Amino acid sequence: MISQNIEKALNDQVRIEAESSQIYLSMASWAEIKGLSGVSKFMYAQSDEERTHMLKLVKFINERGGHAQVSELKAPKTNYATFKEVFQELYTHEVFVSNAINELVHISIAEKDYATHNFLQWYVAEQIEEEAQAKHILDKINLIGDDKGGLYLFDRDIEQLTLNGSLSKI
């Protein structure tokens, strides 16, 4: 059984993961209408991944005797000035999610809930990867600057890497 405090904290994380999925879905839609098919595919994949993270939490809460809650979500931003802004917000959001996961780990340790602590280690490792990937992509975008040819190549490369499932080569 999980405590009410941990159940509430985990349900808060369910909402964060659901909102993350919505944010990335909105980014995908924006990129798609701007003709950035590679960025769009990347963001659709990110949205799906965040939904999977949410479902993993829902199942864990319910399996531990809690009740996973599906809550109202804050509407995501729908317009961006540039593709760089999209990826800057992606990075900033991933840092926010990492901080939320770290707080969950802190709560699980404080309550001596080692099962939840163990479960959360997957999320800790996942966030290390997510932040590093977002930072790496943002670094590449900063190298491109305002070069339209660079944007074309970046969009093509991120599409290929998304399709191949290997974004570490970007």
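The following paragraphs lead through selected helices, helix contacts and individual residues of this structure, which is a predicted model.

The account begins at the N-terminal helix. Helix α1 covers residues 4–33, and its end C-alpha atoms lie 44 Å apart. This separation agrees with expectation, because 30 residues at 1.5 Å a residue should span 44 Å. After α1 comes Gly35, which has a positive phi near 85°.

Helix α2 takes up residues 37–63, and Ser40 is one of its residues. Ser40 has a relative accessible area of 2% and therefore counts as buried, the cut-off for that class being under 20%. Leaving aside residues up to four places away in sequence, Ser40 is in contact with Ala28, Ala31 and Glu32. Of general relevance to such contacts is the helical repeat: an α-helix has 3.6 residues a turn, so residues three or four places apart point the same way.

Helix α2 also packs with helix α3, which comprises residues 83–110. The axes of these two helices come within 13 Å and cross at roughly 20°. The pair α2 and α3 is therefore roughly parallel, since angles under 35 degrees fall into that class. The handedness of the crossing between α2 and α3 is left-handed. On the α2 side, the residues that meet α3 are Val39, Phe42, Met43 and Glu50. Their counterparts in α3 are Val86, Phe87, Leu90 and Glu94. Sorted by class, this contact of α2 with α3 holds six nonpolar residues and two charged residues, with no polar ones.

Beyond α3 the chain enters a loop that leads to α4 (114–144), and Lys112 is located in this loop. The backbone of Lys112 deserves attention: its phi is positive, at about 55°, although Lys112 is not a glycine. With a relative accessibility of 60%, Lys112 counts as exposed, because the threshold for that class is over 50%. A positive phi is thus found both at Gly35, following α1, and at Lys112, in the loop between α3 and α4.

The last stop is helix α5, which spans residues 148–164 and includes Lys148. Lys148 is exposed, its relative accessible area being 65%. The C-alpha atom of Lys148 is separated by 16 Å from that of Leu138, a residue 10 positions away along the chain. In terms of accessibility, then, Ser40 in α2 is buried, whereas Lys112 and Lys148 are exposed.

Terms used. Residues numbered from 1 in each chain as written. Predicted model: local features only at pLDDT ≥ 70, side-chain atom pairs only at ≥ 80, totals over all residues. Heavy atoms only, no water. Axes fitted to C-alpha atoms, helices over the stretch in contact; angles between N-to-C directions. Helix = DSSP H or I, 4+ residues; strand = E, 2+ residues; numbered from the N terminus. Parallel < 35°, antiparallel > 145°, perpendicular 65-115°, else oblique. Left-handed = near helix turned anticlockwise from the far one by under 90°. Contact = heavy atoms within 4.5 Å. Nonpolar A, V, L, I, M, F, W, Y, C, P; charged D, E, K, R; others polar. Buried < 20%, exposed > 50% of the residue type's maximum accessible area, 1.4 Å probe, protein only. Expected span 1.5 Å × (residues − 1).
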